[in-house]
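Welcome! Work through these short exercises with the model open beside you, and try each task before reading its solution.

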2 protein chains.
Amino acid sequence: MSTSPVSPDAETATAGAVDSTTAPPRAPKAATIYDVAQAAGVSHQTVSRFLKGFEGIRPETREKVEQALDELGYRPNLTARSLKSGRSHRIGALTHEISQVGPGRIVEGASAAAREAGYVLDIIALDARNPRAIEESLAIITQHDLAGVLALASTDEMTHAFETTAFRVPAYVAAESDGVPDDPRTKLSSVGLPAVVAHLAELGHRRVVHIAGPHTWSASRNRMRAFESAVEAQGMHSEAILHGDWSARSGYEAIAGLAELPGATAYVAANDQMAIGAMLALKERGLRIPEDVSVVGIDDIPEAAYLDPPLTTLRNDFEAQGRAAVHQLLALIEQSEPRPVTVPPPLLVVRRSSGPVLQAG
Amino acid sequence: MSTSPVSPDAETATAGAVDSTTAPPRAPKAATIYDVAQAAGVSHQTVSRFLKGFEGIRPETREKVEQALDELGYRPNLTARSLKSGRSHRIGALTHEISQVGPGRIVEGASAAAREAGYVLDIIALDARNPRAIEESLAIITQHDLAGVLALASTDEMTHAFETTAFRVPAYVAAESDGVPDDPRTKLSSVGLPAVVAHLAELGHRRVVHIAGPHTWSASRNRMRAFESAVEAQGMHSEAILHGDWSARSGYEAIAGLAELPGATAYVAANDQMAIGAMLALKERGLRIPEDVSVVGIDDIPEAAYLDPPLTTLRNDFEAQGRAAVHQLLALIEQSEPRPVTVPPPLLVVRRSSGPVLQAG
DNA sequence: CACCCGAATGTTTTCGACAACATTGGGTGG
DNA sequence: CCACCCAATGTTGTCGAAAACATTCGGGTG
């Protein structure tokens, strides 16, 4: 049957409140190197030299400065520093859909990596509903002088925007390529999506369907290519490629919208959310998971282990991806070698949503 | 039975790659008002006045400036501006768990609201694993001169840190209060959690259990209080308050860990993730949802409608909350009236996970 | 003993925007 | 006919840090 899962628009409304203010102690001015210099009885430049770790300072002078420094609780004014030096310690990050697990984690990782390197991350969250969002965001970026710019969601528009925009600073587009490195030697390894497909092959599956993400996302295309080449390599048959938009709703609709189901025994969704939707739609068609059909996702969102049935999926380390992106950008900014970043390989997590093909079929 | 949902640690590993670099056109210097002034044949101050919308400028002068301005593609240097004016256009936002739907959406809303007001949001993502995270983040904040500081995750530590830190700028702790305004008149209204409880009461439920979040989160405490007072108001009985950490896993364990189930016919989780875990644990105990037991969540995450069964939940408008928080802060910053922010009330969304108590019971 | 050198420290300038103050040039009232 | 006023525009100083340049002082050398 096809009972729709209740349109998300329903009943009763209610009133809620938000917020509460705090008015704690407000620190007064803020010490400058001049204040410190005066307190220490030296010139501001001596203080500046001390701060930069200059060696040639007499021990007694050094001590006076040191003392004045923490007496006044001096904190460098980064704004002044940027103005003079022409470079800030801020990284701009353009991203979509922060609230999704993947992007969210990537931002977390990026934020942490940036902080560790002494930078802060300025998040520019793109509003998907606003077609001019990217344009506007780039305008903002060019003003707030940043040390570099990062694109954390690599859709085609984003990539294109980055390629055609003349930034005054290094820019980097972080893209993932799921287990299908361009290096042909690794193409058939039991890595990433190939591992998923191999897993299904072992279980006896021959006919599979892929539920892909939006074709404008490079991650989506990568996953699709990876899937198809793995299927081919295993001598399996891809019955269909359905398309969603990463959401559970789209996964549901991709299948609920079909006049009749393809004769596949396994479905591989490009992310867990779509897998969730797909599972519900399949169940509503009267199929049991995994007895009648196996479903596999990608990402291993925290809820994946607690679905019914728990979802077999490919775990991605998003945080590491975020960190990696920042390190790459920092390398460009600081003209250094891109520190060897280790993004752990995707890990196949087998749960109950995938099972052997039953002979009875 | 109690087949555990397969520990999230499993099989096969794989290698994946990340990233790809772009080296697009790099814009050269950047025009200053002096450059513009020279090009227009006027003084830089005239340019400045033009930019600030000063009226008393001769039309011909105005025109020259205007032309030079866009010929050079002038963009104000916000750094210099902040240095001089002592105030930046950046808002620092401290937050936890961005990858969760709630916090993530809040950040999106805050980011958008900030941008609309001409500010950018500097995200400081707190690492939950690092106990000194808040401290470190506050240190960062004091340096990067910000126009204001926002706490978007109101745990006790965060609130405490904000209350005891002497910021040089306005600070605001955004807290939600779910349908339990302090105003006693509205206490029993059919709002927020009271609406959830009323819904259950209508279905004939009398004995309920709450799965709360961590007690250090104010949102969690609010929800718990709201739940209990609503239950009392309906003459129902709260069988137990279980505690989780917002995760699906914790929801699962809260119930799977019980020696025997409380004799309740309905479970209300403080968020949807815990509801997901709870549903699985209940099913594994052999209970059917909603025939044997009803489960309700809070938040209405996008997947909620596609779970099995689709989850009855209370929809929160996180984006609006984020916007509201920014507006409150901006009011403090700009010493203006806190623009009346409308955070839509939580909306009860009834799906299939809640149903009438069966007489047979 | 004059001179040179370099270590240690001080003074000035610069970054870009902007504000306070200064100057120019018409027009007008006395 | 000139002092005065005001509109329009120019000049100088400020913000905090830091680089460029300058000065001081002690010691060694010819």
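**Exercise 1.** Sort the residues of the surface near DNA strand D by class.

*Solution.* Start with what "near" asks for: a heavy atom of the residue within 4 Å of the strand. Next, apply the classes: Ala, Val, Leu, Ile, Met, Phe, Trp, Tyr, Cys and Pro are nonpolar, Asp, Glu, Lys and Arg are charged, and the others, Gly among them, are polar. The result is 9 nonpolar, 10 polar and 6 charged residues. In this predicted model, local features need pLDDT of at least 70 and side-chain atom pairs pLDDT 80 or more, while totals for chains, interfaces and linings use all residues; side-chain values use heavy atoms, without hydrogens and water. Residues are numbered from 1 along each chain as its sequence is written, with chains lettered from A and ligands numbered from 1 in the order written.

**Exercise 2.** Find the residues that surround DNA strand D.

*Solution.* There are 25 of them, and the closest include Tyr74(A) and Thr46(B). Now look at the strand's side: of its atoms within 4 Å of the protein, 55% belong to sugar or phosphate and the rest to bases.

**Exercise 3.** Which polar atoms lie by a phosphate oxygen of DNA strand D?

*Solution.* Search for polar contacts (pairs of N or O atoms within 3.5 Å; within protein, one must be able to donate a hydrogen and the other to accept it, and residues adjacent in sequence count only if both atoms are side-chain atoms). Begin with Lys52(A), which has a polar side-chain atom 3.2 Å from a phosphate oxygen. In chain B, Ser43(B) uses a polar backbone atom at 2.8 Å, and Thr61(B) a polar side-chain atom at 2.3 Å.
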